[in-house]
Amino acid sequence: MTADSDPGEATRALIDLNADLGEGVGDDESMLTIVTSANVACGFHAGTPAELLATCRAAVERGVRIGAQVSYPDRAGFGRRFMEMSSRDLIADLVYQIGALEAIARSVGGTVSYVKPHGALYNTVVRHEQQADAVITAVRDVNPDLAVMGLPNSEVLARAERAGLPFIVEAFADRAYTSEGILVPRNQPGAVLHDSDEIARRVVDLATSGKLKAVDGSVIDVAADSICLHGDTPGAVGHAHAVREALARAGVALKPSEPRRR
(Lines give C-alpha, C1' and ligand atoms only; values in the text may rest on other atoms or scores of the structure.)
Protein backbone atom coordinates (compact mmCIF):
# COMPACT_ATOMS: atom_id res chain seq x y z
CA MET A 1 0.00 0.00 0.00
CA THR A 2 1.33 3.43 -0.90
CA ALA A 3 -0.01 6.88 -0.17
CA ASP A 4 0.18 7.81 -3.85
CA SER A 5 -2.38 5.14 -4.76
CA ASP A 6 -4.75 5.78 -1.85
CA PRO A 7 -7.37 8.53 -2.36
CA GLY A 8 -8.05 8.56 1.38
CA GLU A 9 -4.49 9.41 2.37
CA ALA A 10 -5.42 12.85 3.73
CA THR A 11 -7.35 11.22 6.55
CA ARG A 12 -4.83 8.46 7.29
CA ALA A 13 -1.52 8.23 9.07
CA LEU A 14 1.58 8.42 6.89
CA ILE A 15 5.09 7.18 7.67
CA ASP A 16 8.39 6.84 5.82
CA LEU A 17 10.38 3.60 6.10
CA ASN A 18 14.13 3.86 5.55
CA ALA A 19 16.98 1.34 5.50
CA ASP A 20 20.79 1.45 5.43
CA LEU A 21 21.79 0.09 2.02
CA GLY A 22 24.77 -0.10 -0.32
CA GLU A 23 26.96 -1.53 2.44
CA GLY A 24 27.72 -4.82 0.72
CA VAL A 25 25.81 -6.77 3.36
CA GLY A 26 22.19 -7.85 3.49
CA ASP A 27 19.61 -8.14 0.70
CA ASP A 28 19.35 -4.63 -0.76
CA GLU A 29 17.19 -5.73 -3.70
CA SER A 30 14.50 -7.07 -1.38
CA MET A 31 14.68 -4.13 1.01
CA LEU A 32 14.15 -1.71 -1.87
CA THR A 33 10.77 -3.34 -2.57
CA ILE A 34 9.67 -2.50 0.99
CA VAL A 35 11.16 0.84 2.05
CA THR A 36 10.41 4.33 0.76
CA SER A 37 13.83 5.87 1.53
CA ALA A 38 17.33 4.43 1.13
CA ASN A 39 20.25 5.60 3.28
CA VAL A 40 23.02 4.78 0.83
CA ALA A 41 26.53 4.28 2.21
CA CYS A 42 29.13 6.67 0.84
CA GLY A 43 32.19 4.38 0.95
CA PHE A 44 33.80 5.53 4.20
CA HIS A 45 32.35 2.82 6.46
CA ALA A 46 31.24 0.36 3.76
CA GLY A 47 30.37 0.04 0.09
CA THR A 48 32.34 0.17 -3.13
CA PRO A 49 31.68 2.61 -5.98
CA ALA A 50 30.10 -0.23 -7.98
CA GLU A 51 27.84 -1.18 -5.06
CA LEU A 52 26.76 2.43 -4.52
CA LEU A 53 26.02 2.85 -8.22
CA ALA A 54 23.95 -0.34 -8.31
CA THR A 55 22.05 0.66 -5.17
CA CYS A 56 21.23 4.14 -6.48
CA ARG A 57 20.14 2.70 -9.84
CA ALA A 58 17.83 0.19 -8.14
CA ALA A 59 16.41 2.92 -5.87
CA VAL A 60 15.64 5.12 -8.88
CA GLU A 61 13.95 2.22 -10.69
CA ARG A 62 11.70 1.59 -7.67
CA GLY A 63 10.93 5.22 -6.89
CA VAL A 64 12.75 5.09 -3.55
CA ARG A 65 14.17 8.35 -2.16
CA ILE A 66 17.97 8.45 -1.83
CA GLY A 67 19.86 9.78 1.18
CA ALA A 68 23.62 10.00 1.76
CA GLN A 69 24.70 7.95 4.76
CA VAL A 70 27.91 9.63 5.84
CA SER A 71 30.39 8.18 8.31
CA TYR A 72 33.71 8.47 10.04
CA PRO A 73 36.57 7.08 7.86
CA ASP A 74 36.36 3.68 9.59
CA ARG A 75 35.92 0.75 7.23
CA ALA A 76 37.64 -1.63 9.66
CA GLY A 77 35.09 -0.85 12.36
CA PHE A 78 32.08 -0.42 10.03
CA GLY A 79 31.83 3.18 11.24
CA ARG A 80 30.81 2.10 14.72
CA ARG A 81 33.83 3.46 16.61
CA PHE A 82 33.97 7.03 17.89
CA MET A 83 36.67 9.16 16.31
CA GLU A 84 37.99 12.43 17.69
CA MET A 85 38.29 14.66 14.63
CA SER A 86 38.93 18.33 14.04
CA SER A 87 36.02 20.25 12.54
CA ARG A 88 38.08 20.94 9.42
CA ASP A 89 38.81 17.26 8.80
CA LEU A 90 35.29 16.07 9.57
CA ILE A 91 33.69 18.72 7.37
CA ALA A 92 36.02 17.82 4.50
CA ASP A 93 35.26 14.10 4.86
CA LEU A 94 31.50 14.74 4.90
CA VAL A 95 31.55 17.11 1.92
CA TYR A 96 33.56 14.50 -0.01
CA GLN A 97 31.05 11.74 0.78
CA ILE A 98 27.94 13.76 -0.02
CA GLY A 99 29.43 15.02 -3.26
CA ALA A 100 30.47 11.55 -4.37
CA LEU A 101 27.03 10.07 -3.78
CA GLU A 102 25.33 13.03 -5.46
CA ALA A 103 27.40 12.37 -8.60
CA ILE A 104 26.60 8.65 -8.50
CA ALA A 105 22.87 9.31 -8.03
CA ARG A 106 22.78 11.85 -10.87
CA SER A 107 24.51 9.39 -13.22
CA VAL A 108 21.50 7.04 -12.95
CA GLY A 109 18.82 9.72 -13.05
CA GLY A 110 18.41 10.20 -9.30
CA THR A 111 19.19 12.80 -6.70
CA VAL A 112 20.27 12.88 -3.06
CA SER A 113 17.50 14.36 -0.90
CA TYR A 114 18.89 14.11 2.63
CA VAL A 115 21.94 13.28 4.73
CA LYS A 116 21.99 10.78 7.59
CA PRO A 117 25.09 10.17 9.72
CA HIS A 118 25.93 6.51 10.25
CA GLY A 119 26.84 4.48 13.32
CA ALA A 120 29.09 6.15 15.87
CA LEU A 121 28.83 9.53 14.14
CA TYR A 122 25.02 9.33 14.33
CA ASN A 123 25.12 8.68 18.06
CA THR A 124 27.90 11.20 18.70
CA VAL A 125 26.03 14.16 17.18
CA VAL A 126 23.11 13.57 19.51
CA ARG A 127 25.13 15.41 22.20
CA HIS A 128 28.55 16.38 20.76
CA GLU A 129 28.28 20.07 19.83
CA GLN A 130 31.48 20.38 17.81
CA GLN A 131 30.79 17.38 15.59
CA ALA A 132 27.11 18.28 15.24
CA ASP A 133 28.22 21.71 13.99
CA ALA A 134 30.56 20.04 11.52
CA VAL A 135 27.73 17.95 10.08
CA ILE A 136 25.52 21.01 9.65
CA THR A 137 28.33 23.04 8.10
CA ALA A 138 29.10 20.28 5.58
CA VAL A 139 25.46 19.85 4.56
CA ARG A 140 24.89 23.59 4.28
CA ASP A 141 28.04 24.10 2.21
CA VAL A 142 27.15 21.32 -0.24
CA ASN A 143 23.45 22.13 -0.62
CA PRO A 144 21.25 23.93 1.95
CA ASP A 145 18.19 22.22 0.47
CA LEU A 146 19.41 18.82 1.70
CA ALA A 147 17.55 17.63 4.78
CA VAL A 148 19.35 16.26 7.85
CA MET A 149 18.00 13.03 9.38
CA GLY A 150 18.54 12.30 13.08
CA LEU A 151 17.09 11.55 16.50
CA PRO A 152 14.54 13.86 18.11
CA ASN A 153 15.97 16.36 20.61
CA SER A 154 19.49 15.82 19.24
CA GLU A 155 22.11 18.53 18.89
CA VAL A 156 22.39 17.92 15.16
CA LEU A 157 18.69 18.50 14.49
CA ALA A 158 18.53 21.51 16.80
CA ARG A 159 21.43 23.04 14.90
CA ALA A 160 19.90 22.14 11.55
CA GLU A 161 16.74 23.99 12.54
CA ARG A 162 18.68 27.03 13.73
CA ALA A 163 20.66 27.06 10.48
CA GLY A 164 17.46 27.00 8.44
CA LEU A 165 18.10 23.52 7.04
CA PRO A 166 15.21 21.10 6.53
CA PHE A 167 15.30 18.09 8.85
CA ILE A 168 13.72 14.67 9.30
CA VAL A 169 13.07 13.17 12.74
CA GLU A 170 13.88 9.47 12.86
CA ALA A 171 13.08 6.49 15.07
CA PHE A 172 14.35 2.90 14.96
CA ALA A 173 12.25 -0.20 14.52
CA ASP A 174 14.72 -2.74 15.87
CA ARG A 175 16.70 -0.80 18.47
CA ALA A 176 15.97 -0.49 22.20
CA TYR A 177 15.62 2.96 23.76
CA THR A 178 16.54 4.33 27.16
CA SER A 179 14.03 6.29 29.22
CA GLU A 180 15.83 9.45 28.02
CA GLY A 181 14.86 8.65 24.43
CA ILE A 182 18.31 7.68 23.17
CA LEU A 183 19.43 4.35 21.72
CA VAL A 184 20.78 1.66 24.02
CA PRO A 185 24.44 1.12 23.00
CA ARG A 186 24.94 -1.93 20.80
CA ASN A 187 27.37 -3.47 23.30
CA GLN A 188 24.62 -3.77 25.92
CA PRO A 189 22.22 -6.73 26.17
CA GLY A 190 18.91 -6.23 24.40
CA ALA A 191 20.11 -3.27 22.32
CA VAL A 192 18.98 -4.88 19.07
CA LEU A 193 15.55 -6.53 18.76
CA HIS A 194 15.18 -9.76 16.78
CA ASP A 195 11.49 -10.75 16.98
CA SER A 196 9.59 -9.68 13.85
CA ASP A 197 6.22 -9.48 15.59
CA GLU A 198 7.61 -7.31 18.39
CA ILE A 199 9.34 -5.02 15.91
CA ALA A 200 6.16 -4.69 13.85
CA ARG A 201 4.08 -3.83 16.93
CA ARG A 202 6.57 -1.16 17.96
CA VAL A 203 6.51 0.43 14.52
CA VAL A 204 2.71 0.56 14.46
CA ASP A 205 2.75 2.19 17.90
CA LEU A 206 5.34 4.71 16.72
CA ALA A 207 3.42 5.52 13.55
CA THR A 208 0.00 5.83 15.18
CA SER A 209 0.72 7.18 18.67
CA GLY A 210 4.29 8.50 18.64
CA LYS A 211 5.10 6.39 21.71
CA LEU A 212 7.12 3.28 22.55
CA LYS A 213 8.28 1.34 25.59
CA ALA A 214 11.81 1.96 26.85
CA VAL A 215 14.06 -0.75 28.31
CA ASP A 216 13.05 0.16 31.86
CA GLY A 217 9.36 -0.28 31.01
CA SER A 218 8.52 3.41 30.87
CA VAL A 219 6.62 4.82 27.89
CA ILE A 220 8.39 7.60 26.03
CA ASP A 221 7.35 10.03 23.30
CA VAL A 222 9.10 9.49 19.97
CA ALA A 223 7.40 11.62 17.32
CA ALA A 224 9.10 10.41 14.13
CA ASP A 225 8.75 11.26 10.45
CA SER A 226 10.77 8.23 9.33
CA ILE A 227 11.44 4.81 10.84
CA CYS A 228 14.68 2.93 10.17
CA LEU A 229 14.74 -0.78 9.33
CA HIS A 230 18.35 -1.95 9.51
CA GLY A 231 19.27 -3.88 6.39
CA ASP A 232 22.30 -5.63 7.89
CA THR A 233 20.73 -7.41 10.87
CA PRO A 234 19.85 -11.13 10.75
CA GLY A 235 16.30 -11.56 9.45
CA ALA A 236 16.16 -7.96 8.19
CA VAL A 237 13.95 -8.69 5.18
CA GLY A 238 11.53 -10.73 7.29
CA HIS A 239 11.35 -7.91 9.83
CA ALA A 240 10.71 -5.39 7.07
CA HIS A 241 7.90 -7.46 5.52
CA ALA A 242 6.27 -7.87 8.94
CA VAL A 243 6.48 -4.12 9.56
CA ARG A 244 4.99 -3.19 6.20
CA GLU A 245 2.14 -5.70 6.56
CA ALA A 246 1.38 -4.53 10.12
CA LEU A 247 1.28 -0.90 8.99
CA ALA A 248 -1.10 -1.81 6.17
CA ARG A 249 -3.43 -3.56 8.63
CA ALA A 250 -3.32 -0.50 10.89
CA GLY A 251 -4.25 1.79 8.00
CA VAL A 252 -0.88 3.54 7.86
CA ALA A 253 0.25 4.56 4.37
CA LEU A 254 3.89 4.62 3.31
CA LYS A 255 5.39 7.72 1.77
CA PRO A 256 8.73 9.56 1.91
CA SER A 257 8.39 12.08 4.72
CA GLU A 258 8.22 15.79 4.04
CA PRO A 259 11.18 17.42 5.83
CA ARG A 260 10.36 19.81 8.63
CA ARG A 261 11.46 23.43 8.40
CA ARG A 262 11.92 26.25 10.85
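In this predicted model, strands β1 (residues 14–21) and β2 run parallel and are joined by four bridges. Strand β2 also runs parallel to strand β3 (residues 65–70), and five bridges join that pair. This briefing begins with these strands and then turns to the nonpolar core, two buried residues, the largest pocket and the largest cavity.

**Strand β2 and its partners**

- Strand β2 covers residues 37–41, and five of its five residues are buried, so the strand is largely enclosed by the rest of the structure.
- The residues of β2 point in two directions: S37, N39 and A41 point one way, while A38 and V40 point the other way.
- Residues on both of these sides of β2 are buried.
- On the β1 side, A19 has A38 of β2 as its bridge partner.
- On the β3 side, S37 is paired with R65, its bridge partner in β3.

**The nonpolar core**

- In soluble globular proteins, nonpolar side chains tend to be buried together.
- In this model, the largest nonpolar core contains 79 residues.
- The residues with the most contacts inside this core are L101, Y177 and L247.
- Helix α3 (residues 87–107) contributes seven residues, the largest share of this core.

**Residue I136**

- I136 is part of helix α5, which spans residues 129–142.
- The relative accessible area of I136 is 4%, and because buried means under 20%, I136 is classed as buried.
- Apart from residues up to four places away in sequence, I136 touches V148, V156, R159, A160, A163 and L165.
- I136 and G99 are 37 residues apart along the chain, and their C-alpha atoms are separated by 15 Å.

**Residue S71**

- S71 is located in the loop between β3 and α3.
- With a relative accessibility of 0%, S71 counts as buried.
- When neighbours within four places in sequence are left aside, the contacts of S71 are F44, H45, G79, L94, Q97, H118 and L121.

**The largest pocket**

- The largest pocket holds about 410 Å³ of space.
- Its lining consists of 24 residues, and those nearest the centre of the pocket are G119, A120, N123, R175 and L183.
- Two elements, β4 (112–117) and α4 (119–124), give two or more residues to this lining.
- Helix α4 supplies four residues, the largest share of the lining of this pocket.
- By class, the lining of the largest pocket comprises eleven nonpolar, five polar and eight charged residues.

**The largest cavity**

- How many cavities of 30 Å³ or more are found in the model? The count comes to one.
- The largest cavity encloses about 40 Å³ of space.
- Which residues line the largest cavity? They are A173, D174, I199, L229, H230, T233, A236 and H239.
- The lining of this cavity divides into four nonpolar residues, three polar residues and one charged residue.

Technical notes. Residues are numbered from 1 along each chain as its sequence is written. This is a predicted model: local features need pLDDT of at least 70, side-chain atom pairs count only at pLDDT 80 or more; totals for chains, interfaces and linings use all residues. Side-chain values use heavy atoms; hydrogens and water are left out. A nonpolar core is a set of buried Ala, Val, Leu, Ile, Met, Phe, Trp, Tyr and Cys residues joined through side-chain atoms within 4.5 Å. Buried means under 20% relative accessible area, exposed over 50%, partly exposed in between (1.4 Å probe, protein chains only). Contact means heavy atoms within 4.5 Å. On a 1 Å grid over the protein atoms alone, a cavity is a set of points where a 1.4 Å probe fits but cannot get out, and a pocket is an open set with protein on both sides within 12 Å along at least five of seven lines; lining residues have an atom within 4 Å of a point. Grid points are joined across faces, edges and corners, and a volume is the space filled by probe spheres set on the points. Ala, Val, Leu, Ile, Met, Phe, Trp, Tyr, Cys and Pro count as nonpolar, Asp, Glu, Lys and Arg as charged, and the others, Gly among them, as polar. Two strands pair if DSSP finds at least two bridges between them.
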